[in-house]
Each structure stands twice: as structure tokens, then as C-alpha cells.
Amino acid sequence: MRYYNSNVDLHHHEASCQAVAQGSGPFLLSYFSILLDTLIGHFLPAYQPRLKVREKAVQTLLAVLKIRKFKEAEESAGSMAEASPSESRFLYLRAEALAGLGKNKEADAWREKALLLNPDDEISHALAADMLFDLQRFAWAQREWKTVLNLPPATGVNDANAHLELGQIDMSEGRFSTAANHFEMALELFRNEKARGVGMELEG
């Protein structure tokens, strides 16, 4: 599962990143828009789930939450978490349902439990972070992505994804220089792997 191709103009993006770190004004937004459009397609592959049935359950819960069936989602997520105790996304989805029911303190308690699961499993944290990012739970996505960056190996698709999504969060919150640094790190990972002649794959 390749996440890049040889047509990306690395030198152009590297120079632009450096300019962004020092710049201001409309150029920032227009540059970041172009950069993200180019990079996301190369660095963010569709994750292959370890178990298809587990992934289907996650998607089903997301659909239930989307139609605001919070009570049903909370009960289902709890049952799924019991059946698959190593899947942190079920705890996060239970938290989403609880938040929808106005139980924010209880929701945060479940999120803290989810964050502590699988302390040495980079892929589990990456999957959780990606889902939280899509749910716009950016503070929790940041915590998960930072966990990914603290786990070995310090290369590969998960670290590239971490830098890309952390950069997007920083950009959305006005931290343009920090965002540029994250995008540069993603590009560095790309360059290093390309120099080695190795494509990046995520195996289930």
C-alpha cells in the first residue's frame, strides 16, 4: 500500500514550508491548502483493519452517533468494548455517546482510559487518533498522535500521519510556524524513505 509517488515536488514544498514559518497573511492559508491537498493523498492511506468485523463495528457506531442515537450508541459501544477490550476506539465512541447525553465528565473519564490502552502498540494509537481527528476531537487526537511519535519506530506511515494531522490542527488554531514544522517533518520522512527506495505499507 504505497502512500507516495515520485511526482511530488519535494524541493518546492520544502522551500515553501520555510517561507510559511517566517511569513504571514493570505499566503499562509493559500499555501497550506495546496500543501495539504498534495500531501494527504500520499501520506494518509486507508488503514487496513486487523479484523474486518471490528472495523465494521466502529463504522456502525459512528453512523449511530451521526443520527444522534446517543443512548443506543452508548449501550452498543459498552458491549463492544467488553467483547474487544484492547480496542480503544470503542471506549472513545462510548465517550462520544456520553457527551451527547450531556455526561461530559464521565465521557472524559472514558477517554482517559482509552488513551492508556495498548501503551506499546503504535498502530492502535494511530487508528484512534485518525478517528478522533475525523470527529473533530482535536485535543484528544493530539494526545494520541503524540503517543505515536513517542513510540518506535521513528519512521514510517504512522509518524508521517501524526505530523500531518498535528500540523493541520496547529494550522486550524493559528499556530502556523508549529504547523510548518510538522509538515517539514512529514516531508523529511518521505525523503528518507524514498532515498532508501522503500514504500510505506501498513499491514493488518
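**Stop 1: Arg-137 and Glu-96**

Select Arg-137 and Glu-96 in this predicted model. Their side chains meet in a salt bridge, with N and O 2.7 Å apart. Arg-137 sits in the loop between helix H7 (122-134) and helix H8 (138-150). Glu-96 sits in helix H5, so the pair ties together parts that are 41 residues apart in sequence.

Now color by accessibility. Which of the two partners is buried, and which is partly exposed? Arg-137 has 29% relative accessibility, so Arg-137 counts as partly exposed. Glu-96 has 11%, so Glu-96 counts as buried. The cut-off for buried is under 20%.

Stay on Glu-96 and show its surroundings. Leave out neighbours within four places in sequence. Glu-96 is then in contact with Leu-65, Arg-111, Leu-135 and Arg-137.

**Stop 2: the second largest pocket**

Keep Glu-96 and Arg-137 selected. Both line the second largest pocket. Add the other lining residues: Leu-62, Leu-65, Lys-66, Arg-68, Phe-70, Ala-99, Gly-100 and Leu-135. Which elements give two or more residues to this lining? They are H3 and H5.

The space in the pocket is about 160 Å³. Color the lining by residue type. It divides into 5 nonpolar, 1 polar and 4 charged residues. Leu-65 and Leu-135 deserve a second look: they line the pocket, and they are also contacts of Glu-96.

**Stop 3: Arg-89 and Glu-55**

Stay with helices H5 and H3. Select Arg-89 and Glu-55. They form a salt bridge, and the closest N and O atoms are 3.0 Å apart. Arg-89 is in helix H5 (residues 88-100) and Glu-55 is in helix H3 (residues 52-66). The pair links distant parts of the chain, 34 residues apart.

Are these two residues buried or exposed? Arg-89 is buried, and Glu-55 is buried too.

**Stop 4: Arg-143 and Glu-112**

Move to helix H8. Select Arg-143 there, then Glu-112. Their side chains meet in a salt bridge at 3.1 Å, N to O. Arg-143 belongs to helix H8 and Glu-112 to helix H6 (residues 104-116). This pair also links distant parts of the chain, here 31 residues apart.

Check the exposure of each partner. Arg-143 has a relative accessible area of 35%, so Arg-143 is partly exposed. Glu-112, at 34%, counts as partly exposed as well.

Next, select Arg-54, Glu-55, Glu-87 and Arg-89 together. Salt bridges that share partners join these four into one network. Arg-89 and Glu-55 come from the previous stop; Arg-54 and Glu-87 are the additions. Over the chain, the count comes to 11 salt bridges.

**Stop 5: Gln-142**

Return to helix H8 and select Gln-142. At 14% relative accessibility, Gln-142 counts as buried. What does Gln-142 touch, not counting residues up to four places away in sequence? The contacts are Leu-166, Ile-169, Asp-170 and Arg-175. Show these four as sticks to see what surrounds Gln-142.

**Stop 6: two distances to draw**

Go back to helix H3 and pick Ala-63. Ala-63 has a relative accessible area of 41%, so Ala-63 is partly exposed. Draw a line from its C-alpha to that of Ala-73. The separation is 9.2 Å in space and 10 residues in sequence.

Then pick Glu-75 in helix H4 (residues 70-83). Glu-75 is partly exposed, with a relative accessible area of 44%. Draw a second line, from Glu-75 to Leu-98. Their C-alpha atoms are separated by 9.9 Å, and the two residues are 23 apart along the chain.

**Stop 7: the whole chain**

Clear the selections and zoom out. Switch to cartoon. How many helices and strands does the chain have? There are 10 helices and 0 strands. Along the sequence the pattern reads α-α-α-α-α-α-α-α-α-α.

Color all residues by burial. Of the 204 residues, 48% count as buried. Then turn on the surface. Its accessible area comes to about 10,500 Å², and 52% of that belongs to carbon and sulfur atoms.

End with the contacts. Take those between residues at least 6 apart in sequence: 65% of them join residues at least 24 apart. The salt bridge of Arg-137 and Glu-96, where the tour began, spans 41 residues.

Technical notes
Residues numbered from 1 in each chain as written. Predicted model: local features only at pLDDT ≥ 70, side-chain atom pairs only at ≥ 80, totals over all residues. Heavy atoms only, no water. Helix = DSSP H or I, 4+ residues; strand = E, 2+ residues; numbered from the N terminus. Buried < 20%, exposed > 50% of the residue type's maximum accessible area, 1.4 Å probe, protein only. 1 Å grid on protein atoms, 1.4 Å probe; cavity = no way out; pocket = protein on both sides within 12 Å on 5 of 7 lines; lining within 4 Å. Points joined across faces, edges and corners; volume = space filled by probe spheres on them. Nonpolar A, V, L, I, M, F, W, Y, C, P; charged D, E, K, R; others polar. Contact = heavy atoms within 4.5 Å. Areas by Shrake-Rupley, 256 points an atom, 1.4 Å probe, with all protein chains shown as cover.
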